[in-house]
Amino acid sequence: MNERRKRNRTDLDAFLMLKRLDGTQIQEIYIQVTNVSPTGIGFNCYEVLEKGSVYEGTLTIWTKEKLPVFIDIVRSRELEDGGYNYGALFVGMPELYSRKISVYQTVEETKLKGRR
């Protein structure tokens, strides 16, 4: 498979709550984040989300801080358990939030290097 990500992704134990922004649906969706980068996020959920749709969310990061985010679904695939795995790009992510994710990645990479 050809890697198209612009930045490395890091595993993150976090949660994201989403609302669709098209005005027709204001359903809160709870998902499990599988990985994150300063530019995007991967996650699993049991709801069908439309590719190309933008969702508003609140990302709870490792510090328990809640970051308001907007994501654009760019990839989806069905999982064996009936759920879905999605890839999304952050839309209009403030620089401060991107830096927090970058710092987290740096810390995690340093930990991994120290274990070798």
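How much accessible surface does the chain have, and what share of it belongs to carbon and sulfur atoms? The surface comes to about 7,600 Å², with 49% belonging to carbon and sulfur atoms. Keep in mind as you look around that this is a predicted model.

Let's start with the overall layout. The chain has six strands and one helix, and reading along the sequence gives the pattern β-β-β-β-β-β-α. Of the 116 residues in the chain, 36% are buried. Taking contacts between residues at least 6 apart in sequence, 53% join residues at least 24 apart.

Now for the inside. The largest nonpolar core holds 23 residues, and those touching the most other members are Leu 18, Ile 41, Phe 43, Leu 49, Ile 71, Ile 73 and Phe 90. The elements below each give two or more residues to this core.

| Element | Residues |
|---|---|
| strand 2 | 29-36 |
| strand 3 | 40-45 |
| strand 4 | 54-60 |
| strand 5 | 66-78 |
| strand 6 | 84-90 |
| helix 1 | 95-115 |

On the outside, Leu 21, Val 54, Phe 70 and Val 91 make a nonpolar surface patch of about 280 Å². Phe 70 is part of strand 5. Because its relative accessibility is 34%, Phe 70 counts as partly exposed.

Finally, a word on confidence. The mean pLDDT of the chain is 81, and 80% of the residues reach 70 or more. Among the elements, strand 6 has the highest mean pLDDT, at 95, and strand 1 (residues 15-20) the lowest, at 71. Where pLDDT is low, the predicted coordinates should not be read in detail.

Key. Residues are numbered from 1 along each chain as its sequence is written. This is a predicted model: local features need pLDDT of at least 70, side-chain atom pairs count only at pLDDT 80 or more; totals for chains, interfaces and linings use all residues. Side-chain values use heavy atoms; hydrogens and water are left out. Helices (H or I, at least four residues) and strands (E, at least two) are DSSP runs, numbered from the N terminus. Buried means under 20% relative accessible area, exposed over 50%, partly exposed in between (1.4 Å probe, protein chains only). Contact means heavy atoms within 4.5 Å. Accessible areas come from the Shrake-Rupley method with a 1.4 Å probe; for residues, only the protein chains shown count as cover. A nonpolar core is a set of buried Ala, Val, Leu, Ile, Met, Phe, Trp, Tyr and Cys residues joined through side-chain atoms within 4.5 Å. pLDDT is the predictor's confidence in each residue, from 0 to 100. Patches are made of residues with over 30% relative accessible area and no salt bridge: like charges are joined within 9 Å, nonpolar side chains (Val, Leu, Ile, Met, Phe, Trp, Tyr) within 5 Å. A salt bridge is a side-chain nitrogen of Lys or Arg within 4 Å of a carboxyl oxygen of Asp or Glu.
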